[in-house]
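The following exercises are to be worked with the sequence and the model at hand. Each task is followed by a solution in steps.

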Amino acid sequence: LLCASSPAAAQDPPPRIGPFVFDLHATIPRFPKDDPALAQSRGLQVADLPGAGLGLHGGVHFYPFSWKVVTFGVGVDATAARASRASRQLGENFFSTATTATLLHAAPQLSLNFGDGDGWSYLSGGMGPSVWALVPDGLERTDADIERLQTINYGGGGRWFIKPHLAFSLDVRFYAIYPGSPSAVTGRPGSPRTTLLFIGAGISLK
């Protein structure tokens, strides 16, 4: 340990976190596929609900100051995701329609970051609106599919810089979506409070 510490003391200190980072991730969203209340809010069968899909997640973050081992970050991020349930066959009857789920969400972010400019982990969260649509092919969106729902996102991840300005990054994030409003037109109940899991991987630039 003593031999290893002597050369290290002469090295330059590691770079600080930030000051700016841009993230771009491909994501795998997990939409509910067995929620009767969600299906009822859209006039669907439980079997129509999509499961996993694909999406994109991006964000810009600024790191204004540090305190002891924690660097504080502020920023904004946005998410777009889509999943579709393929056509299904029941007995001798074939249903050629499919149901597509989409989610759009954007929110300011606060983060706690641990490490240095060569690589760091983080915990972050924010609150902003989401638009969550569940639409069978060939049908128009209902009021429930265009309503802006307040959503809390929270999660964490890490960035590992393979070059001075380029990193590989991972992000695991939960989206807690507030309940939707009942529809006076269709008489359907509002969508239930739902939490979605998104797992993402991609690059970060600083």
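A cavity is a set of grid points where a 1.4 Å probe fits but cannot get out. The model examined here is predicted.

**Exercise 1. Describe the fold of the chain in terms of its elements and contacts.**

Step 1. Counting the elements gives two helices and 10 strands. Read from the N terminus, their order is α-β-α-β-β-β-β-β-β-β-β-β.

Step 2. Of contacts between residues at least 6 apart in sequence, 64% join residues at least 24 apart.

Step 3. The chain has 206 residues, and 41% of them count as buried. The exposed area is about 11,400 Å², with carbon and sulfur atoms supplying 65% of it.

**Exercise 2. Locate the cavities and identify the lining of the largest one.**

Step 1. Searching the whole structure yields three cavities of 30 Å³ or more. The largest has a volume of about 60 Å³.

Step 2. Its lining comprises 13 residues; nearest the centre of this cavity lie His61, Tyr122, Ser124, Arg159 and Arg173.

Step 3. Strands β2, β6 (99-116), β7 (119-136) and β9 (166-177) each give two or more residues to that lining.

**Exercise 3. Find the salt bridges and determine which parts of the chain they join.**

Step 1. The whole structure contains three salt bridges.

Step 2. One of them pairs Arg159 with Asp23, whose closest N and O atoms are 2.7 Å apart. Because Arg159 belongs to strand β8 (residues 148-163) and Asp23 to strand β1, this pair ties together parts 136 residues apart in sequence. Both Arg159 and Asp23 are buried.

Step 3. Asp145 and Arg42 form another salt bridge, at 2.8 Å from N to O. Asp145 is in the loop between β7 and β8, and Arg42 is in the loop between α2 (36-41) and β2, so the pair ties together parts 103 residues apart in sequence. The cut-off for buried is under 20% relative accessible area; Asp145, at 2%, therefore counts as buried, and so does Arg42, at 5%.

Step 4. Asp171 and Arg173 meet in a salt bridge at 2.9 Å, N to O, and both residues are buried.

**Exercise 4. Which residues make the nonpolar surface patch of about 580 Å², and is Ile203 buried or partly exposed?**

Step 1. The patch is made by Phe22, Leu24, Leu56, Val60, Val76, Ile203 and Leu205. Strands β1 (20-30), β2 (54-67) and β10 (194-205) each give two or more residues to this patch.

Step 2. Ile203 is placed in strand β10. Its relative accessible area is 39%, and Ile203 is therefore partly exposed.

Notes: Residues numbered from 1 in each chain as written. Predicted model: local features only at pLDDT ≥ 70, side-chain atom pairs only at ≥ 80, totals over all residues. Heavy atoms only, no water. Helix = DSSP H or I, 4+ residues; strand = E, 2+ residues; numbered from the N terminus. Buried < 20%, exposed > 50% of the residue type's maximum accessible area, 1.4 Å probe, protein only. Contact = heavy atoms within 4.5 Å. Areas by Shrake-Rupley, 256 points an atom, 1.4 Å probe, with all protein chains shown as cover. Patch = residues over 30% accessible without salt bridge, like charges linked within 9 Å, V, L, I, M, F, W, Y side chains within 5 Å. Salt bridge = Lys/Arg side-chain N within 4 Å of Asp/Glu carboxyl O. 1 Å grid on protein atoms, 1.4 Å probe; cavity = no way out; pocket = protein on both sides within 12 Å on 5 of 7 lines; lining within 4 Å. Points joined across faces, edges and corners; volume = space filled by probe spheres on them.
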